[in-house]
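The exercises below ask the reader to work from a sequence and its model towards a reasoned description of fold, burial and contact. Each task is followed by a solution that goes step by step.

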Amino acid sequence: MIKIVKRDQPSRAIFFFTPVLAIFLTLVAGGLIFFILGFKPFEALKFFFIVPIADKYGFSELLLKATPLCLIAIGLSFCFKSNNWNIGAEGQLTFGAIVSGGVALLFYEQEGFYILPIVILAGAIGGMLYASIPAILKTYFNTNEILVSLMLVYVSKLILDYLVVGPWSNPEGFNFPETRQFSDSAKLPLLFEGLRIHAGIFLALAAVVISWFVFYKTYLGFQMKVSGFSLKTAKYAGYKGKKMIILVFLISGACAGLAGVGEITGPIGQLHREISPDYGFTAIIVAFLGRLHPVGIIFASLVVAITYLGAETAQIFMQIPKYTGQVFQGMILFFLLASDYLLFFKIKFIGSKK
Amino acid sequence: MIIDINFIGLIIASIMASAVPLILASCGELITERSGVLNLGVEGMMIIGAISGFALMTVTGSLIIAVFGAMLAGVLISTIFAFLTQTLITNHVATGLALTIFGIGISAMIGKNFVGIPGKEFPVLFEGLKDTIPLFGPILFGHSIVFYFAFALPFITSYFLKKTKIGLIVRAVGDSPESASNQGINVRLVRYACILYGGAMSGLAGAYLSMIYTPQWIENMTGGRGWIALALVVFSTWNPIKILIGAMIFGGLTIIQFHMQAIGVRIPVQFLTALPYIVTIIVLVVISRDSRKIRLSTPSSLGKSFHKDN
């Protein structure tokens, strides 16, 4: 007999164990899907999760993909902790990239130490501006932030498309949908010769440290936690709810915007149509998998980044469509949410004694 | 200039055709939300319906199997959502997002072998009557069975919610799960049923896209329609008849876009494509401004988990 008993208190140990369990279950289910599709499950999983990061280059690619995921997820954790559902980080990333790209183009063929900081700042401001739309509409017009932030994703991608095809397209570019190359001063420096990993990773690490400090060492972090737990309590304590909603959206927009800067001023060095393979959406999963904890998010971003690389490798070696990565990402979130059940409930096995 | 009156009829008919998937998915989601469940996985369920319908049509050759198969696929995928949110009491928003991401991925995985295959012709009804009445002929006649079903659905849904006992139970569960439960209603069972129904309608909406509207399989072909369907439910303030109006407006925006390009209006194509999304935001702002009205028409327990201790 199995009996389900409610726990008196959510279990702290299980809180950090369930993400590991979720990853394990995802691997099992993924193997099963590969088996159904007619592949050898272990071989497929090896191509998906081990081969891509087996060498120096692969590891650099892993960090390259984990950087934007980590950065965006850190920003989102501010929103999610305080019960604000910003799911439009992809749009904030795109708009941040547009603004910083525009500024970088202003400095076309110019050099100077001051250019890069301005370009980075422009990206953060772009992301903040874009995130402020759902935030302001939520606070002053009571509009659902989920739908607004999501609709704005489509709008931002169309703005980008318009710019790179139209007014910003490279005059010598044979009508390719891309801008001119940014000058070297507007690019984030590469860290190692021959690898694509760039200085953007330091932006992500800085975000991790700052967010840890804000969450656990400041009054603001405490207020956010309380509001996330119970809006009524927060109101009773006299917290300025509206200000906080706008603040967390701005923080998360800035992070997404910075991720956008990293994508265009890193190895690519120009604006083009597809600057992000849905990092903004995937980062939502990263935030949850990392338990909205800065250190957890670092690990989660590495795990989820593998699904991107794995999907690419599997596409090349096994002709599996690259969308398989999304299947894995969806499954991770499913299993994570499902295993949260263990936080609140205990499963007891009762022996069949008479 | 003489404008052919039948041409106007044809434009209106094409607006209606592009409104069909929105009506189907929104009416399904409306029932789900009326029972207190917020399922953000519409886009995912829709795309699963689209590939299932197209794949079954290609493999079996039967349109009936394909249409019902797509609905069944929507039901199956929404079962995951129902199990997680109702049995394991997970967060509705996060689970719905996972469903959409998962659905888009798995549909592309299945759809790999169906890219580039031409679709089949879907039979239309009353084709011969099209030219009998000016203006109204093309509007009323010569459409698929799914088209007629979609335009009847808001009225059926409205009748179901207002006049039938089961409809009353659904509303009771959404407005006050505690008292419904005290009355002996199995809240979890009702919500399961409403989620699966929503899945079936989203599946049908997807099948309409891949089998009738643009009969072929393209990766990610729903292109955000699932999200617009969700916005339409808010737009309608949970009233099925208003879904009809909203869906026509959005269908209209899509069609006008094509015609403006054809006439040669010098507006960037990207702006026209963005119009439905921008209008959605504006509409949401306008209707949400009055927080009292929204609160009155929103199902009170929307998005909140219900767990009965026993």
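A residue counts as buried if 20 or more other C-beta atoms lie within 10 Å of its own, as exposed if 12 or fewer do, and as partly exposed in between. The model to which this is applied is a predicted one.

**Exercise 1. Classify A:R273 as buried or exposed, and place A:R273 in chain A.**

Begin with the position: A:R273 lies in the loop between α10 (241-268) and α11 (279-289) of chain A. Next, apply the cut-off: A:R273 has 12 C-beta neighbours inside 10 Å and therefore counts as exposed. Then consider the contacts, where, once neighbours within four places in sequence are left aside, A:R273 touches A:L160, A:D161, A:V164 and A:P177. Finally, a distance: the C-alpha atom of A:R273 is separated by 38 Å from that of A:D340, which is 67 residues away along the chain.

**Exercise 2. Carry out the corresponding analysis for A:G296.**

The residue belongs to helix α12 (residues 294-318) of chain A. With 20 other C-beta atoms within 10 Å, A:G296 is buried. Apart from neighbours within four places in sequence, A:G296 is in contact with A:G290 and A:R291. Across a separation of 222 residues along the chain, the C-alpha atoms of A:G296 and A:I74 are 10.0 Å apart.

**Exercise 3. Describe the two residues A:E109 and B:W238 by backbone angle, place and burial.**

As background, most residues other than glycine have a negative phi. Although it is not a glycine, A:E109 has a positive phi of about 60°, and B:W238, also not a glycine, has a positive phi of about 60°. For the place, A:E109 sits in the loop between α4 (89-106) and α5 (115-141) of chain A, while B:W238 is found in the loop between α10 and α11 (240-263) of chain B. For burial, A:E109 has 10 other C-beta atoms within 10 Å and is exposed, whereas B:W238 has 21 and is buried.

**Exercise 4. What secondary structure does each chain have, and how does the radius of gyration of each chain agree with the globule rule?**

Start with chain B, which has 13 helices and zero strands. Its radius of gyration is 20 Å, close to the 19 Å that the globule rule gives for 310 residues, so chain B is as compact as a globular protein of that length. The C-alpha trace of chain B spans about 70 × 45 × 40 Å along its principal axes, and 48% of the residues of chain B count as buried.

Turn then to chain A, whose secondary structure comes to 14 helices and two strands. For its 354 residues a compact globule would have a radius of gyration near 20 Å, and the 22 Å of chain A agrees with this. The C-alpha trace of chain A spans about 85 × 60 × 35 Å along its principal axes, and buried residues make up 51% of the chain.

**Exercise 5. Which residues of helix α7 (residues 165-175) of chain B are buried, and what covers them?**

The buried residues are B:V170, B:V173 and B:G174. These residues cover an arc of only 100° around the axis, which puts them on the same side of α7(B). A general point helps here: an α-helix has 3.6 residues a turn, so residues three or four places apart point the same way. What covers the buried residues of α7(B) includes α1 (5-34), α6 (145-163), α8 (177-182) and α9 of chain B.

**Exercise 6. Describe the contact between chain A and chain B, and then examine the helix that gives the most to the side of chain B.**

First, the contact takes 39 residues from chain B and 36 residues from chain A. On the side of chain B that touches chain A, α4(B) gives the most, with 12 residues. By class, this side has 26 nonpolar, 10 polar and three charged residues.

As for α4(B) itself, its 20 residues should span 28 Å at 1.5 Å a residue, and the end C-alpha atoms are 28 Å apart, which agrees. Of these 20 residues 17 are buried, so α4(B) is largely enclosed by the rest of the structure.

Conventions:
Residues are numbered from 1 along each chain as its sequence is written. Chains are lettered from A and ligands numbered from 1 in the order in which they are written. This is a predicted model: local features need pLDDT of at least 70, side-chain atom pairs count only at pLDDT 80 or more; totals for chains, interfaces and linings use all residues. Two residues are in contact if their C-beta atoms, placed from the backbone, lie within 7 Å. Helices (H or I, at least four residues) and strands (E, at least two) are DSSP runs, numbered from the N terminus. Ala, Val, Leu, Ile, Met, Phe, Trp, Tyr, Cys and Pro count as nonpolar, Asp, Glu, Lys and Arg as charged, and the others, Gly among them, as polar. The expected span of a helix is 1.5 Å times one less than its number of residues. The radius of gyration is taken over C-alpha atoms; the globule rule is 2.2 Å times the number of residues to the power 0.38. The arc is that of the directions from the helix axis to the C-beta atoms.
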